[in-house]
Amino acid sequence: MGHRKTWALIGIVASVAVAVASPAEAARRAKPSGGGYSPLSASIVVDAKTGKILQGENVDEPRIPASLTKVMSLYLLFEQLERGRMRGDTPLTVSAYAASQPPTKLGLRPGSTIEVDDAIKAMVTLSANDVSVVVAENIAGSEDAFARMMTRKARELGMSSTAFYNPHGLPHEPPNITTARDLSILGRAIQDRFPKYFAYFQTQSFQYGSRTIRGHNRLLGKVEGVDGIKTGYTRLSGFNLLTSVNTDSRSLVAVVLGGRSGASRDQKMASLIQSQLPRAYAGARTAPSVVENQPSMVAEAPAPRPVELAPVAAPVRVASATPQAPVVQAQASTPPTAPERKPLDLNTLRPVVASAAGASSTTTPSSVRWQKGPEPLPLNAQAYAALPAPAQIPAAQKAALQAKIDPKGEASKSEATEPKKTVSGWVIQLGATDDEAKAKAMLDTARGRFGKVLGKASPFTEKVTVDGSTLYRARFSGFSESNDAANACKQLKKSGVNCFAARG
């Protein structure tokens, strides 16, 4: 009799739980299981001070980033701000195409404008798809051109398994593609390059007109040290999260991809932070800043191995960036060209894409029809040569890569340098980049932040050519003794600035 009462009580509790479940949860439970694409989860935790991977799961498996795509879009927008081409109050014009994007969206009207500051906040918090296209069109002239810029930037950062076809992460054929490792590189790079603008990712809500826009990142303010950066979701990608953690002594960048729900994704991320943060290095940063075309960073990332994605058992319906948001029919533009990526093969994703293209066209909160664009060129087509080839670095070449910019400040034997400026004494090198303007900006930032440390040191750039690639070294001269340069560099390193001293 006691057992019967116990089971009866369990039945009553279960019935009550079902009755009080949200409509979205009830709908999710009512759906048949086994259909659709369910990617294996992937995750990575990187110690931002050392660059070491503390945890990894399927780190090089191809995954769809969904709205994590917008982090790269914001990276390119931050570049415009850094170079003075735009300001926070610069108005961005809204095209009819941008305004027509599916939710989640801000609801901009064709012909109206939105200031850069509001655009950034809308992308960070609301993950607004219409705003993402506005940014793309105002920077590059078109969504396709901007997507090519995004892929090119990914290559420069060492994200060798990433390709972008739109600026927001909504369904597209072929889809935006990346890996957990590549996203961790992006998460580190956007902080290293834009510490001033990275603060935007801490925004939990902002006021736009009479509306209060609240963000989707539930870990902000709830998990110690979390200060950004972005969530993402589509039916094909699952629930994704790229997170930055900075405490008084430790720093992490972590990625979770393919979560079954927002809650389970957040729980996994919180668990990873709790378990890995104590393992992070508490001393001064030793890893170099993640910047474009940095050989040491590229060398650390081996080529992803061939993969076989989960089979599709039924036609797939694709959700919007947020599961609850209303969705209208998406418009897919002609796919921009993308570089060859070996051994990552987007053809392994073709069955997934094909199934999605045949999904129901009914406009509901959980479905969207894909309009198939022209068939993409084969991945090995010569037309893809317009973009830089991915950095696939064999282990045997690691030493050679590290010698491209010698720690002693001497050019490697393979370099053919232009005549160098005569610099006496000792110098400090902050880094090297493919853009002289970036190198000068690096020097200006250091001078502004560390004027007392650098004293009367003179900033200058030095052009070198490494295996056909031109780089610009960002350096300060004027140190008469090696100890003076070494001590100044030591002070910079304490503030997280990578540098080394060399004879001029």
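Residues 294-421 keep a pLDDT under 50 throughout, and for this stretch the model has 254 contacts beyond four places in sequence. Do keep in mind that the whole model is predicted. Averaged over the chain, the pLDDT is 73, and 65% of the residues score at least 70. Residues 1-37 also have a pLDDT below 50, with 18 contacts in the model beyond near neighbours in sequence.

Let us move on to the nonpolar interior. The largest nonpolar core holds 60 residues, and those with the most contacts inside it are Met-72, Tyr-75, Phe-78, Leu-106, Ile-120 and Val-131. Elements that give two or more residues to this core include the strands β1 (42-47) and β9 (251-259), along with helices such as α5 (116-125) and α8 (180-193). The largest share, eight residues, comes from α3. Looking at Met-72 itself, its contacts outside its neighbours within four places in sequence are Met-150, Lys-153, Ala-154, Leu-157, Met-159, Phe-164 and Leu-186. A second, separate core has 19 residues, among them Ile-428, Ala-474, Phe-479 and Ala-488.

Two charged residues are worth a visit as well. Glu-137 sits in helix α6, which spans residues 129-140. Glu-137 is buried but has no salt bridge, and the nearest side chain of opposite charge, Lys-105, is 12 Å away. Setting aside residues up to four places away in sequence, Glu-137 touches Ser-95, Tyr-97, Ala-98, Ser-142 and Glu-143.

Arg-148 belongs to helix α7 (residues 143-157). Because its relative accessible area is 29%, Arg-148 counts as partly exposed. From Arg-148 to Pro-167 the C-alpha to C-alpha separation is 9.9 Å, while in sequence they are 19 residues apart.

Definitions and conventions: Residues numbered from 1 in each chain as written. Predicted model: local features only at pLDDT ≥ 70, side-chain atom pairs only at ≥ 80, totals over all residues. Heavy atoms only, no water. Helix = DSSP H or I, 4+ residues; strand = E, 2+ residues; numbered from the N terminus. Buried < 20%, exposed > 50% of the residue type's maximum accessible area, 1.4 Å probe, protein only. Lys, Arg positive; Asp, Glu negative; His and termini not counted. Salt bridge = Lys/Arg side-chain N within 4 Å of Asp/Glu carboxyl O. Contact = heavy atoms within 4.5 Å. pLDDT = per-residue confidence, 0-100. Core = buried A, V, L, I, M, F, W, Y, C linked by side-chain atoms within 4.5 Å.
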